[in-house]
Amino acid sequence: MSDIEIRDDRAAGRLEALQGGEVTGHIEYFVLESPARALVPVHTIVEPAHEGKGIAGSLARELYGMAEREGIVVAPLCPYVVKWAERHPDEAPAADPALLEAAKDWLRAHPERF
């Protein structure tokens with residue numbers, strides 16, 4: 001998708017895909033600090049009118065790219081990102097199981113966040 005713009009709103013925990021100024025999809029995530037720093041995607045949402053255009057994949061790819069640039073890992077809890085990572089192991093290193101458990105614990109402790 002060449003006309004897609006992706007922007008990170010770290011404060012809101014949203015990685016957004018925009019087309020023509022319109023948000024067409026996003027990944028909701030949080031930053032885990034312990035036991036290691038990680039980006040933790042929780043939900044991937046694409047607006048129904050824009051499904052099937054590669055937006056979710058572009059968002060997942062950018063999330064892993066952000067993590068790599070920051071020198072941290074992705075601990076995916078979002079089912080879509082988990083499947084995307086399985087299909088793209090060269091771009092999406094597997095997360096440590098202990099880190100995934102820590103991310104799940106954080107999410108259980110902050111149910112109001114998502």
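Ala11 is exposed, with a relative accessible area of 82%. In this predicted model, Ala11 sits in the loop between E1 and E2. Thr24 is 13 residues away from Ala11 along the chain, and the C-alpha atoms of the two are separated by 19 Å.

**The sheet**

The loop with Ala11 joins two strands of an open sheet. This sheet has five strands in the order E1-E2-E3-E4-E5, and the pairing is mixed. Strand E1 (5–9) and strand E5 (73–74) are at the edges; each has a single partner strand, so one side of each has no neighbour in the sheet.

The table gives the pairing of the strands.

| Strands | Sense of pairing | Bridges |
|---|---|---|
| E1 and E2 | antiparallel | five bridges |
| E2 and E3 | antiparallel | six bridges |
| E3 and E4 | antiparallel | eight bridges |
| E4 and E5 | parallel | two bridges |

Particular residues can be placed within these pairings. Asp8 has Leu15 in E2 as its bridge partner, and Leu15 in turn has Ile27 in E3 as a bridge partner. Gln19 is bridged to Glu22 in E3. Further along the sheet, Glu28 stands opposite His43 in E4, and Ala38 stands opposite Val73 in E5.

Hairpins link several of these strands. The hairpin of E1 and E2 has four residues between the strands, and Gly13 there takes a positive phi near 70 degrees. E2 and E3 form a hairpin with two residues between them, and Gly20 in this turn has a positive phi of about 60 degrees. The hairpin of E3 and E4 has five residues between the strands.

How much of E2 is buried? Five of its six residues are, so E2 is largely enclosed by the rest of the structure.

**Helix H1**

H1 packs on the sheet and touches E1, E2, E3, E4 and E5; its direction makes about 135 degrees with that of E2. H1 has 16 residues, which at 1.5 Å a residue should span 22 Å; the end C-alpha atoms are 22 Å apart, so the expected and modelled spans agree.

The buried residues of H1 are Ile55, Ala56, Gly57, Ser58, Leu59, Ala60, Leu63, Tyr64, Gly65, Met66 and Ala67. The cover over these residues includes E1, E2, E3, E4, E5 and H2. Just after H1, Gly71 takes a positive phi of about 70 degrees.

**The nonpolar cores**

Which residues have the most contacts inside the largest nonpolar core? They are Leu15, Leu39 and Tyr64, in a core of 22 residues. At least two residues of this core come from each of strand E2 (14–19), strand E3 (22–32), strand E4 (38–46), helix H1 (55–70) and helix H2 (79–87). H1 supplies the largest share, eight residues. Another core, of 11 residues, lies apart from this one; among its members are Leu32, Ala38, Leu77 and Ala103.

Leu39 can be followed in more detail. Leaving aside neighbours within four places in sequence, Leu39 is in contact with Arg10, Tyr29, Phe30, Val31, Leu63, Met66, Ala67, Ile72, Val73, Val74 and Ala75. Among these contacts, Leu63, Met66 and Ala67 are also buried residues of H1.

**Helix H3**

Helix H3 (residues 97–109) has 13 residues, which at 1.5 Å a residue should span 18 Å; its end C-alpha atoms are 18 Å apart, so this helix agrees with the expected span.

The buried residues of H3 are Leu99, Ala102 and Ala103. These residues cover an arc of only 100 degrees around the axis, which puts them on the same side of H3. They pack against E3, E4 and E5. Which exposed residues does the face turned away from the buried side of H3 carry? That face carries Pro97 and Arg108. Ala103 thus appears twice in this report: as a buried residue of H3 and as a member of the core of 11 residues.

Methods. Residues are numbered from 1 along each chain as its sequence is written. This is a predicted model: local features need pLDDT of at least 70, side-chain atom pairs count only at pLDDT 80 or more; totals for chains, interfaces and linings use all residues. Side-chain values use heavy atoms; hydrogens and water are left out. A nonpolar core is a set of buried Ala, Val, Leu, Ile, Met, Phe, Trp, Tyr and Cys residues joined through side-chain atoms within 4.5 Å. Buried means under 20% relative accessible area, exposed over 50%, partly exposed in between (1.4 Å probe, protein chains only). Contact means heavy atoms within 4.5 Å. Two strands pair if DSSP finds at least two bridges between them. Axes are lines fitted to C-alpha atoms, for helices over the stretch in contact, and angles run from 0 to 180 degrees between N-to-C directions. The expected span of a helix is 1.5 Å times one less than its number of residues. The arc is that of the directions from the helix axis to the C-beta atoms.
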